[in-house]
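Let's take a walk through this structure together, one stop at a time. Have a look at the picture first, and then we'll start with a question.

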Amino acid sequence: MSREISTTDLIGVSPGRMIVRGTFHRCPICGGGHIIRQWFGIVDRCPTCDLAFERIEGHAIGYIGLNTIVTFSTTFVVLLIGTILMAPDVRPWPLIIAAIIPAAVFPVFLLPSCRLAWTAIDLAMRPISPGEIDPRFLRE
């Protein structure tokens, strides 16, 4: 029975570093740039290491979920802090207006970062398959 080798062992990059690279619009494997085509689109494969950014069918569910979690969490923190600051006389309209800003802006603003960060998370959970990246980027 063969044991799968983790992505970290194969490429020599920690999961944390892969996630940071993805968050800052870089390839999680090689750190290469020129990935964002338009705000809502990224290239299919990394121009440097040839990693496919959508590794499996249904990959979009992960990054949409990540985007949703970050947006909801931020909106909750805004509402919580606003409520604490206004206590005991909490007025709903300032809270509603303050909550609309992250709820409307974050899903759009964070989309590219969430797509690439989710690819990094996926790489940490599911090792690279043979032929998935350029062999020059594999650690000997």
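Is Val-105 buried, partly exposed or exposed? With a relative accessibility of 44%, Val-105 is partly exposed. On this scale, buried means under 20% relative accessible area, exposed means over 50%, and partly exposed is in between (1.4 Å probe, protein chains only).

Before going further, a word on what you're looking at: this is a predicted model, in which local features need pLDDT of at least 70 and side-chain atom pairs count only at pLDDT 80 or more, while totals for chains, interfaces and linings use all residues. Residues are numbered from 1 along each chain as its sequence is written, and side-chain values use heavy atoms, with hydrogens and water left out.

Back to Val-105, which sits in helix 4, residues 92–109. Helices here are DSSP runs of H or I with at least four residues, strands are runs of E with at least two, and both are numbered from the N terminus. Val-105 also belongs to a nonpolar surface patch, together with Trp-39, Phe-40, Ile-101, Val-108 and Phe-109. Together they offer about 610 Å² of accessible area, worked out by the Shrake-Rupley method with a 1.4 Å probe, where for residues only the protein chains shown count as cover. To join a patch, a residue needs over 30% relative accessible area and no salt bridge; nonpolar side chains (Val, Leu, Ile, Met, Phe, Trp, Tyr) are joined within 5 Å, and like charges within 9 Å.

Next, find helix 2, which covers residues 15–23. Its buried residues are Met-18, Arg-21 and Gly-22. Look down the axis of helix 2 and those buried residues fall within an arc of 95 degrees, so they line one face of the helix. That arc is taken from the directions from the helix axis to the C-beta atoms. Among the things covering the buried residues are helix 1 (7–11) and helix 5 (111–125). After helix 2 comes His-25, with a positive phi near 60 degrees.

His-25 turns up again if you move to Ile-36, in strand 1 (residues 36–38). Ile-36 is partly exposed, at 29% relative accessible area. Setting aside neighbours within four places in sequence, Ile-36 is in contact with His-25, Gly-41, Ile-42, Pro-112 and Leu-116, where contact means heavy atoms within 4.5 Å. From Ile-36 to Leu-138 is 102 residues along the chain, and their C-alpha atoms are 24 Å apart.

Over in helix 3 you'll find Asn-67. Asn-67 is buried, with just 6% relative accessible area. Not counting residues up to four places away in sequence, Asn-67 touches Phe-106, Pro-107, Leu-110, Leu-111 and Cys-114. Its C-alpha atom is 9.7 Å from that of Phe-109, which is 42 residues away along the chain.

That brings us to the cysteines. How many disulfides does a search of the whole structure find? The search turns up 0. A disulfide is a covalent bond between the sulfur atoms of two cysteines, and here the pair must be within 2.5 Å to count. Cys-46 has its closest cysteine sulfur in Cys-30, at 3.6 Å, which is too far for a bond. For Cys-114, the closest one is in Cys-27, 17 Å away, again too far for a bond. Cys-46 is buried at 3% relative accessible area, and Cys-114 is buried at 5%.

Last stop: the salt bridges, of which the structure holds 6. One counts when a side-chain nitrogen of Lys or Arg is within 4 Å of a carboxyl oxygen of Asp or Glu. Take Arg-115 and Glu-54, whose closest N and O atoms are 2.8 Å apart. This pair links distant parts of the chain, with Arg-115 in helix 5 and Glu-54 in the loop between strand 2 (41–42) and helix 3 (59–86), 61 residues apart. Arg-115 is buried at 12%, whereas Glu-54 is partly exposed at 38%.

Arg-55 pairs with Glu-132, with closest N and O atoms 2.5 Å apart. Arg-55 is in the loop between strand 2 and helix 3 and Glu-132 is in the segment after helix 5, so this pair ties together parts 77 residues apart in sequence. Arg-55 is buried at 13%, and Glu-132 is buried at 14%. Then there's Arg-136 with Asp-134, at 2.6 Å from N to O; Arg-136 is exposed at 66%, while Asp-134 is buried at 18%. Finally, salt bridges with shared partners join Arg-55, Asp-122, Arg-126 and Glu-132 into one network.
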